[in-house]
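Biologist: I would love a close look at one buried acidic residue and its surroundings. Could you walk me through that spot?

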Amino acid sequence: MYDGIVQDLIDEFGRLPGIGPKSAQRIAFHILQTQNFDVSKLAELLSEVREKVRFCDVCGNITEHERCSICRDPRRDDSIICVVEEPKDVVAIERTRQFRGLYHVLGGAISPIDGVGPDDLSIPALMRRVGENHVQEVIIATDPNLEGEATAAYLSRLLTSIEVPVSRLASGLPVGGDLEFADEVTLGRAFEGRRKVE
């Protein structure tokens, strides 16, 4: 335990997700020991992000404008919506350069244990978008875990009831992975999602 503001700084960094006590301590001491570290620039950026960044009025992605760059892009296919849990999922899919449709960010996943139900997510906004536009497919790209699967099942029921084609991202073995290290669920999904070799 350190004295005064040093400990306060470590504690504050430790409140960030994914930063444990050791990492918080390393970050704090990096700032203290690096002479050319621009603390004022960091503080300015943090304030600016808090002030300027918001959620897109259409899809829920992060943006500095009313609509994000993806929703503003006329080259995107507005007949396909890919549903993700968080804005970071949009970035992951965009890095593949395989998807040219639009997104819808739910803001999380259904998790009764954490007290998150369908009403806590942007599901009504998704249903409005699908109903108002001529959406030909909704791709559900929630995480392949218990909460993501529950969310996907819930969305599938809602969307198929209004006769919108729904698909789910395939899941299974990672490229470069070894079968012997795969768990049963992953292997099972790989078998379910298999495709013919052409």
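Modeller: Happy to; here is a walk around Asp-89, with a short look at the whole chain first. This is a predicted model, in which local features need pLDDT of at least 70, side-chain atom pairs count only at pLDDT 80 or more, and totals for chains, interfaces and linings use all residues. Residues are numbered from 1 along each chain as its sequence is written, and side-chain values use heavy atoms, with hydrogens and water left out.

The chain has eight helices and six strands, taken as DSSP runs (helices H or I, at least four residues; strands E, at least two) and numbered from the N terminus. Of its 198 residues, 28% count as buried, meaning under 20% relative accessible area with a 1.4 Å probe, protein chains only.

Asp-89 sits in helix H5, which covers residues 87–96. Asp-89 is buried but has no salt bridge, a term for a side-chain nitrogen of Lys or Arg within 4 Å of a carboxyl oxygen of Asp or Glu. The nearest side chain of opposite charge is that of Lys-88, 5.5 Å away; for charge, Lys and Arg count as positive and Asp and Glu as negative, while His and the chain ends are not counted.

What does the side chain of Asp-89 have at 3.3 Å from one of its polar atoms? That is the backbone nitrogen of Glu-85. Leaving aside neighbours within four places in sequence, Asp-89 is in contact with Val-84 and Asp-143, where contact means heavy atoms within 4.5 Å.

Technical notes. Buried < 20%, exposed > 50% of the residue type's maximum accessible area, 1.4 Å probe, protein only. Polar contact = N/O pair within 3.5 Å; in protein donor to acceptor, adjacent residues only side chain to side chain.
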